[in-house]
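This report describes one protein model, its sheet, its packing and its empty spaces. The sequence and the structure come first, and the description follows.

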Amino acid sequence: MSTALRVVPTVAEGLALEAEAFDGTGPPVRLWMAEARALVCPAAFRRKRGFDAAARTAAARNWPLHLRPTGGGAVPQGPGVLNLALAFTAEPDFGIEAGYHLVTDVIRRALGPFGRSLATGATPDSFCDGAWNLSVAGQKLVGTAQRIRPAGGGRRRVLVHALILLEGDLSAGVEAVNGLHADLGLPRVTDQAHTTLAHVVGPDAAEPAQLARHLAAHAAQALAPPPAICAA
């Protein structure tokens, strides 16, 4: 399987890689970063009052808005943000908690001793907050999202995604999320609720390509044998 880090010009191309994996037409492990910045939010946001106008306003701010099939909230994408997506078919008793266990365990293992120090849980005032964030000292480093759909024969097709904040100034992305949230009547998020791997680890932080190789190796191990064994 091809699991090398893909640096793509646009977020749309990165999301297309994940869609191919979910549909079974591409490799089951995808690792990508986008060169151009954008906002990504769940497709369910389309149902929010004022969404179309908010999307136009985001684009006018140079933060074009893209939709994804997984849940959660709006997130900034672009340089310094590494995406990991795992797609697989699981047995009927494979639940959403198992999917989150799977992807967060891959990330912890890839980060070595530092990964074991990460806390799992909600991070108040962060974008796309959720119970399966990975954080350090109360600041979000990793966000997760997931989609499960029927795959026939009682089995389930799973797409589980993680966003890892590697490096860079997060303030512009936070401001972009807040602009969208204001247009949609959603709560504000704060810079202080987030951090990056480079900030926390310092010069010892792995380069994106190196971390991607570690993630790919641990993801391959996690997906063989099929992750039905993770079902609780």
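Strand 6 and strand 10 run antiparallel and are joined by 10 bridges. The model is a predicted one. Within this pairing, Leu-86 stands opposite Val-160 in strand 10. Leu-86 of strand 6 is also the bridge partner of Val-29. Strand 6 pairs with strand 2 in the antiparallel sense, over four bridges. Strand 6 is mostly covered, with nine of its 10 residues buried.

**The sheet**

These strands belong to an open sheet of seven strands with mixed pairing, in the order 1-2-6-10-9-8-7. Its edges are strand 1 (6–8) and strand 7 (119–120); each has a single partner strand, so one side of each is left without a neighbour in the sheet. Strand 1 runs parallel to strand 2 (residues 29–34), and three bridges join them. In this pair, Val-8 stands opposite Ala-34 in strand 2.

The pairings described above are collected here.

| Strand pair | Sense | Bridges |
|---|---|---|
| Strand 1 and strand 2 | parallel | three |
| Strand 2 and strand 6 | antiparallel | four |
| Strand 6 and strand 10 | antiparallel | 10 |

**Helices on the sheet**

Val-8, as noted, faces Ala-34 across the strand 1 and strand 2 pair. Helix 1 (residues 11–23) packs on the sheet and touches strand 1, strand 2, strand 6 (81–90), strand 9 (139–152) and strand 10 (155–165). The direction of helix 1 makes about 170° with that of strand 2. Helix 3 (residues 96–110) also packs on the sheet, where it touches strand 6, strand 7, strand 8 (134–136), strand 9 and strand 10. The direction of helix 3 makes about 135° with that of strand 9.

Another helix, helix 7 (residues 208–222), holds Gln-210. Gln-210 has 33% relative accessibility and therefore counts as partly exposed. Its C-alpha atom is separated by 17 Å from that of Val-200, and the two residues are 10 apart along the chain.

**Cavities and the largest pocket**

Three cavities of 30 Å³ or more are found in the structure. The largest cavity has a volume of about 80 Å³. Its lining consists of Arg-68, Val-75, Phe-127, Cys-128, Lys-140, Gly-143, Thr-144, Ala-145, His-161 and Leu-163. Strand 9 and strand 10 are the elements that give two or more residues to this lining. Strand 9 gives the most, with four residues.

The largest pocket holds about 200 Å³ of space. It is lined by 15 residues, and those closest to its centre are Trp-63, Pro-79, Asp-169, Leu-170 and Gly-173. Two or more residues of the pocket lining come from each of strand 5 (75–77) and helix 5 (171–184).

**Cysteines**

How many disulfides does a search of the whole structure find? The search finds zero. Cys-41 is in no disulfide, and the nearest cysteine sulfur to its own is that of Cys-128, 10.0 Å away. A disulfide needs two cysteine sulfur atoms within 2.5 Å, so the sulfur of Cys-128, at 10.0 Å from the closest cysteine sulfur, in Cys-41, is too far for a bond.

Are these two cysteines buried or exposed? Cys-41 counts as buried because its relative accessibility is 0%. Cys-128 has 12% relative accessibility and so counts as buried too. Cys-128 is also one of the residues that line the largest cavity.

Terms used: Residues are numbered from 1 along each chain as its sequence is written. This is a predicted model: local features need pLDDT of at least 70, side-chain atom pairs count only at pLDDT 80 or more; totals for chains, interfaces and linings use all residues. Side-chain values use heavy atoms; hydrogens and water are left out. Buried means under 20% relative accessible area, exposed over 50%, partly exposed in between (1.4 Å probe, protein chains only). Two strands pair if DSSP finds at least two bridges between them. Contact means heavy atoms within 4.5 Å. Axes are lines fitted to C-alpha atoms, for helices over the stretch in contact, and angles run from 0 to 180 degrees between N-to-C directions. On a 1 Å grid over the protein atoms alone, a cavity is a set of points where a 1.4 Å probe fits but cannot get out, and a pocket is an open set with protein on both sides within 12 Å along at least five of seven lines; lining residues have an atom within 4 Å of a point. Grid points are joined across faces, edges and corners, and a volume is the space filled by probe spheres set on the points.
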